Amino acid sequence: MVKLVAVYRKPEDVEAFDKHYNEVHAPLAAKMPGLIKMEVSKIYGAPMGESDLHLIAEMYFESKEALLEALSSPEGRAAGKDLRGFAGSLVTMHFAEVV
């Protein structure tokens, strides 16, 4: 199993970001074919106090091939376009193998 991990830094307008993420982006991403599970974690701090992170989203797929197919699907492209529009400067994306 593999996952796509999106790490979001804290936006200037948290309320507007959360509204768009929850009402627009997450529903778009949830439509990607082959998606087994999507887990979103809201960061509330760090061992040393504050964190500059806001959210971590993890999207699980059966295989690397399934993940790549999902990203290149119409649904994956729509989610990517939306992501660049509202969080392009805030997000880093990572591929991870679940061990």
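Start your tour by selecting Leu67, which touches Val2, Lys3, Leu4, Phe61 and Phe95 once residues up to four places away in sequence are set aside. This is a predicted model, so keep that in mind at each stop. Leu67 sits in helix 2, residues 64–72. Is Leu67 buried or exposed? With a relative accessibility of 4%, Leu67 counts as buried, because the cut-off for buried is under 20%. Now add a distance between C-alpha atoms: Leu67 and Leu4 are 63 residues apart along the chain, yet the two atoms are separated by 7.6 Å.

**Stop two: helix 1**

Next, select residues 14–30, which make up helix 1. Look along the helix until you reach Tyr21, where helix 1 bends by about 45°. Then colour the buried residues of this helix: Phe17, Asp18, Tyr21, His25, Ala26 and Ala29. Tyr21, the site of the bend, is therefore also on the buried list. What do these buried residues pack against? Show strand 1, strand 2 (37–42), strand 3 and helix 3, and you have the partners of the buried residues of helix 1.

**Stop three: Asp18 and its partner**

Stay in helix 1 and zoom in on Asp18. Asp18 is a charged residue, and it is buried, with a relative accessible area of 13%. Which residues does Asp18 touch, not counting those up to four places away in sequence? They are Lys42 and His54. Show the side chains of Asp18 and Lys42 as sticks and you will find a salt bridge, 2.9 Å from N to O. Lys42 belongs to strand 2 and Asp18 to helix 1, so this pair ties together parts that are 24 residues apart in sequence. Side chains of opposite charge can pair when their charged atoms come close. For a contrasting distance, draw a line from the C-alpha of Asp18 to that of Met59: the two residues are 41 apart in sequence and 18 Å apart in space.

**Stop four: other salt bridges**

How many salt bridges does a search of the whole structure find? The search finds five, and two further examples are easy to pick out by residue number. Select Lys19 and Glu23, whose side chains meet in a salt bridge at 2.9 Å, N to O. Both residues lie in helix 1, four residues apart, which is about one turn of the helix. Lys19 is partly exposed, with a relative accessible area of 48%, while Glu23 counts as exposed at 53%. The two values fall on either side of the 50% cut-off, so the two residues get different labels.

Then select Lys37 and Glu39, which form a salt bridge with their closest N and O atoms 3.5 Å apart. Here Lys37 is partly exposed at 40% relative accessible area, and Glu39 is partly exposed at 32%.

**Stop five: helix 3**

Move on to residues 74–87, helix 3. Begin with Glu75, which is found in this helix and is partly exposed, with a relative accessible area of 32%. Leaving aside neighbours within four places in sequence, Glu75 is in contact with Leu28, Lys31, Met32 and Pro33. Measure from Glu75 to Ala30 and you should get 8.8 Å, C-alpha to C-alpha, for residues 45 apart in sequence.

Further along helix 3, select Arg84. Arg84 is exposed, with a relative accessible area of 61%. The C-alpha atoms of Arg84 and Val5 are separated by 15 Å, and the two residues are 79 apart along the chain.

**Last stop: the largest pocket**

Finish at the largest pocket, which has a volume of about 210 Å³. Of the 19 residues that line this pocket, select the ones closest to its centre: His25, Ala79, Gly80, Leu83 and Met93. His25 will be familiar from the buried residues of helix 1. Which element gives the most to the lining? Helix 3 does, with five residues. At least two lining residues each come from strand 1 (2–9), helix 1, strand 3 (53–61), helix 3 and strand 4 (91–97). Colour the lining by class to close the tour: 14 of the residues are nonpolar, four are polar and one is charged.

Note on methods. Residues numbered from 1 in each chain as written. Predicted model: local features only at pLDDT ≥ 70, side-chain atom pairs only at ≥ 80, totals over all residues. Heavy atoms only, no water. 1 Å grid on protein atoms, 1.4 Å probe; cavity = no way out; pocket = protein on both sides within 12 Å on 5 of 7 lines; lining within 4 Å. Points joined across faces, edges and corners; volume = space filled by probe spheres on them. Bend = angle between axes of the 7 residues up to and from the residue. Buried < 20%, exposed > 50% of the residue type's maximum accessible area, 1.4 Å probe, protein only. Contact = heavy atoms within 4.5 Å. Salt bridge = Lys/Arg side-chain N within 4 Å of Asp/Glu carboxyl O.
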